[in-house]
Amino acid sequence: MPDREERFRVMLDMVEALVGSAPRVLDLACGTGSITDRLLKRFPGATSTGVDLDPALLAIAEGCFAGDERARFVTADLKDPGWTGLLPHREYDAVLTATALHWLHTEPLAALYGQLGSLVVNGGVFMNADHMIDEGTPRINAAERAHRHAAMDRARAAGALDWADWWALAADDPVLAGPTAERYRIYGEHADGDMPSARWHADTLRAAGFAEARTVWASPSDTLVLAVK
Ligand SMILES: C[S@@+](CC[C@H](N)C(=O)[O-])C[C@H]1O[C@@H](n2cnc3c(N)ncnc32)[C@H](O)[C@@H]1O
């Protein structure tokens, strides 16, 4: 994925700018805890709750952060209306997510944004870095996609693992084989979702009770939207 570290850097710059360097963070759809990892390295006084539904990725996250009291992980389905009840805290200074919410269709995503309104403290932030597509620019979108896929094909030819190869390795791993089989029962290859525009995200976050919302970083393929409560 291009520009991955760049988006995390900007995300954490804006955490620092708006809620300081010792925030209580919710790493939403955390996967292996990528955001939690960057957060705790940069801000040693921060704490994080990672939430996800994938048992294989959560097993990796729990192994990576074992013994670190600052990180906790929770299994929950973000489409389940009761998921916030599984969290160890009622409120967070920052809810952060990357490359994940395009796994949801717009209706459940809008419902999730509605729940975030009451999960973020007043003055707190929500940030989402993800694929956000402007349907009004089809030629730019097609050219960007072809260019990105060509780079991925070159990386694969040079030996990089793609999605399917990575999951095949996990399925062969003695520790991860069980959770990986379970993960395929939950999702299949990949859940189906939508990639609405950055404008849709900002408008929906305002409707959910955030006072301000706008893009704070963008690459040709991805956008980081920040909302302040
Ligand atoms: C591509 S991963 C990104 C993980 C991490 N944020 C990162 O950047 O490395 C997308 C994550 O979204 C999670 N996810 C998708 N739908 C979910 C749902 N309904 N409830 C909880 N997690 C979900 C998946 O399990 C997966 O871990």
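Which residue stands opposite T47 in strand 2? Keep that in mind as you browse these views of a predicted model; the strand views below give the answer.

**View 1. The whole chain, with eight helices and seven strands.** Let's start with the overall picture. The radius of gyration is 17 Å, close to the 17 Å that the globule rule gives for 229 residues, so the chain is as compact as a globular protein of that length. Along the principal axes, the C-alpha atoms fill a box of roughly 45 × 45 × 35 Å. Of the 229 residues, 34% count as buried. Among contacts with a separation of 6 or more, 66% link residues that are 24 or more positions apart.

**View 2. The open sheet, built from seven strands.** Walking across the sheet, you meet the strands in the order 3-2-1-4-5-7-6, and the pairing is mixed. Strand 3 (71-75) and strand 6 (212-218) stand at the edges with a single partner strand each, so one side of each has no neighbour in the sheet. From one strand to the next, the twist averages 20°.

**View 3. Strand 1 beside strand 2.** Here residues 24-28 (strand 1) and residues 47-52 (strand 2) pair in the parallel sense over five bridges. This view also settles the opening question: R24 stands opposite T47 in strand 2. Elsewhere in the pair, D27 stands opposite G50 in strand 2.

**View 4. Strand 2 and its buried side chains.** Six of the six residues of strand 2 are buried, so this strand is largely enclosed by the rest of the structure. Which residues point which way from strand 2? T47, T49 and V51 point one way, while S48, G50 and D52 point the other way. Both sets are buried.

**View 5. Helix 1 lying across four strands, namely strands 4, 5, 6 and 7.** Helix 1 spans residues 4-19. Beneath this helix you can find strand 4 (92-98), strand 5 (120-131), strand 6 and strand 7 (222-228). Relative to strand 5, helix 1 runs at about 170°.

**View 6. The shell of 17 residues around the ligand.** Which of these residues come nearest to the ligand? They are A29, G31, S34, D54 and W103. Sorted by class, the shell has 10 nonpolar, three polar and four charged residues.

Key: Residues numbered from 1 in each chain as written. Predicted model: local features only at pLDDT ≥ 70, side-chain atom pairs only at ≥ 80, totals over all residues. Near = placed C-beta within 6 Å. Nonpolar A, V, L, I, M, F, W, Y, C, P; charged D, E, K, R; others polar. Helix = DSSP H or I, 4+ residues; strand = E, 2+ residues; numbered from the N terminus. Rg over C-alpha atoms; globule rule 2.2 N^0.38 Å. Buried ≥ 20, exposed ≤ 12 C-beta atoms within 10 Å, placed from the backbone. Contact = placed C-beta atoms within 7 Å. Pairing = 2+ DSSP bridges. Axes fitted to C-alpha atoms, helices over the stretch in contact; angles between N-to-C directions.
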